[in-house]
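This report concerns the contact between two chains and the helices that take part in it. Please view the sequence and the structure before reading on.

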Amino acid sequence: MEAAITITGLTVDRGKKEVLHEISTEVDRGVITGLLGPSGSGKTTLMRAIVGVQLVKAGSVTVLGRPAGSASLRQSVGYLTQSPSIYQDLTVWENVRHFASLYGLGDEEAEQTISDVGLGEQSGQLARDLSGGQSSRASLACALVGRPEVLILDEPTVGQDPVLRDDLWRRFRKFADEGVTLMVSSHVMDEANRCDRLLLIRDGRIIADDTPAAVKEAAGTNDLDQAFLTLVRERDEGEAA
Amino acid sequence: MSGTILASTTGRILRQLRHDRPTVALVLLMPVLLLTLIYYMFEHQEQTFHRVALIMLGIFPFIIMFLITSIAMLRERRSGTLERLFTTPVGKLDLLFGYGLAFGLAATVQGVVATGVAFWVLGLDTAGTMVWVILIAVANAVLGVSLGLLCSAFARTEFQAVQFLPLVATPQILLCGLFVPREQMAGWLEGISNVLPLTYSVEALMEVGANPDPTGTMWRDLGIVVGVVVVALALGAATLRRRTP
């Protein structure tokens with residue numbers, strides 16, 4: 001079966017600086033890929049390239065066999081931006097209902113998705129009156145409501161309490177079991193353990209691309225935080241040498 | 001472009017407006033209050049009141065809709081919702097026409113209220129019927145919407161966006177024939193006024209003021225305003241980039 005996402009030689013400039021350097025990788029369908037790396041490493045830029053809103057300098061990104069961002073793909077790709085992008089002057093219900101309608105879906109899907117992200121009680125509240133965590137869940141609902149085949153989620157669990165975070169991850173796993181391809185960026189290493197595969201990014205380069213277990217084994221530690229550090233140091237020493 | 005997406009976008013923008021009560025009040029009441037002010041200013045100069053009030057019925061919707069649209073579109077660009085919309089099946093034209101339709105509808109309500117008050121309460125009198133006045137007022141509002149959409153592309157903050165209002169509106173108001181009849185202006189000023197769209201909507205309103213039936217000049221002027229709207233929307237579409245740096 002062909003890969004859900006194929007990236008070949010992707011190079012991106014932001015301003016005068018090159019922020020992604022010839023990135024190549026492939027993501028299979030029905031897999032949760034964790035995108036890890038420090039702030040400014042290029043995670044968001046990579047995700048923007050996959051959903052087709054990033055101007056790229058060189059290379060190609062193919063999603064479900066079509067060039068990223070092509071019109072026919074927009075029906076099948078869901079994107080959650082890092083900061084909640086919802087309409088502050090609409091209620092949760094109105095926000096989710098609007099995004100549902102863009103995919104030709106209706107009230108039923110909107111209501112289901114709102115309750116899936118645990119906002120059933122806040123449905124009638126204006127987005128500007130929500131807490132930070134609620135806001136990002138409302139934003140997540142808008143990305144999920146279209147039932148996309150590929151979900152690109154930029155830090156979906158930031159600011160959520162542990163119970164909700166666990167709940168959201170169970171849901172992501174359920175989507176993957178149903179064949180949805182997920183790419184999730186995160187700062188939280190314990191979340192990385194819940195992914196099928198990890199992409200570690202630093203300074204616009206992939207420094208590790210494997211299962212969590214293999215990444216830990218390669219670094220000779222049981223702790224992902226530590227593994228990440230070891231890999232970064234090894235690489236830096238390699239470059240210095 | 002898709003019918004359902006356009007309808008959904010229009011509905012969404014109107015819902016946003018509805019949740020913003022102060023703006024709704026501004027849209028509906030401000031023209032009425034300003035017209036009342038003009039009424040008392042020219043209490044003993046009936047002819048001047050008729051002329052100024054008629055022109056103002058065209059200028060208010062232009063200004064208010066320009067302002068509201070440029071801020072609303074700027075928010076869309078800055079808040080991340082535009083980037084997100086561009087990953088969904090929404091087309092650029094769905095978005096632009098959605099704004100045009102939503103604020104055009106709001107402008108129609110505004111036009112009916114302002115024109116109704118001007119005619120029935122303040123005693124404004126025109127040779128033509130008030131239906132034409134409302135039509136021209138709505139065309140002007142849509143003109144404001146289209147220029148606002150375009151200008152929002154050149155502002156990075158709301159603070160900058162409001163600076164476009166004096167830049168875009170003031171020269172048009174000064175040169176449209178409200179203060180000095182256009183034929184009495186210096187040639188170069190009249191030349192400038194000839195390329196400003198508000199000149200034509202004011203001329204169209206004056207035609208309604210002076211003639212019982214729609215004149216050829218009125219239709220031509222309306223055509224020019226609609227033409228400018230189409231050009232501004234096309235330029236606005238060009239500033240909407242799906243892919244950004």
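## A helix pair across the chains

Helices α2(A) and α1(B) are roughly antiparallel to each other, a term for angles over 145 degrees. This is a predicted model, in which local features need pLDDT of at least 70, side-chain atom pairs count only at pLDDT 80 or more, and totals for chains, interfaces and linings use all residues. Residues are numbered from 1 along each chain as its sequence is written, while chains are lettered from A and ligands numbered from 1 in the order in which they are written.

Helices here are DSSP runs (H or I, at least four residues), and strands are runs of E of at least two, numbered from the N terminus. Helix α2 of chain A spans residues 92–102 and helix α1 of chain B spans residues 3–18; the two pack at an angle of about 165°, with their axes 9 Å apart. Axes are lines fitted to C-alpha atoms, for helices over the stretch in contact, and angles run from 0 to 180 degrees between N-to-C directions.

The residues that meet are tabulated below; contact requires C-beta atoms, placed from the backbone, to lie within 7 Å.

| Helix | Residues in the contact |
|---|---|
| α2(A) | A:E94, A:H98, A:S101, A:L102 |
| α1(B) | B:T4, B:I5, B:S8, B:R12, B:R15 |

Between the chains as wholes, 25 residues of chain A are in contact with 22 residues of chain B. On the side of chain A that touches chain B, α2(A) supplies the largest share, five residues. Both β6 (77–80) and α2 of chain A give at least two residues to that side.

How values were computed. Parallel < 35°, antiparallel > 145°, perpendicular 65-115°, else oblique. Contact = placed C-beta atoms within 7 Å.
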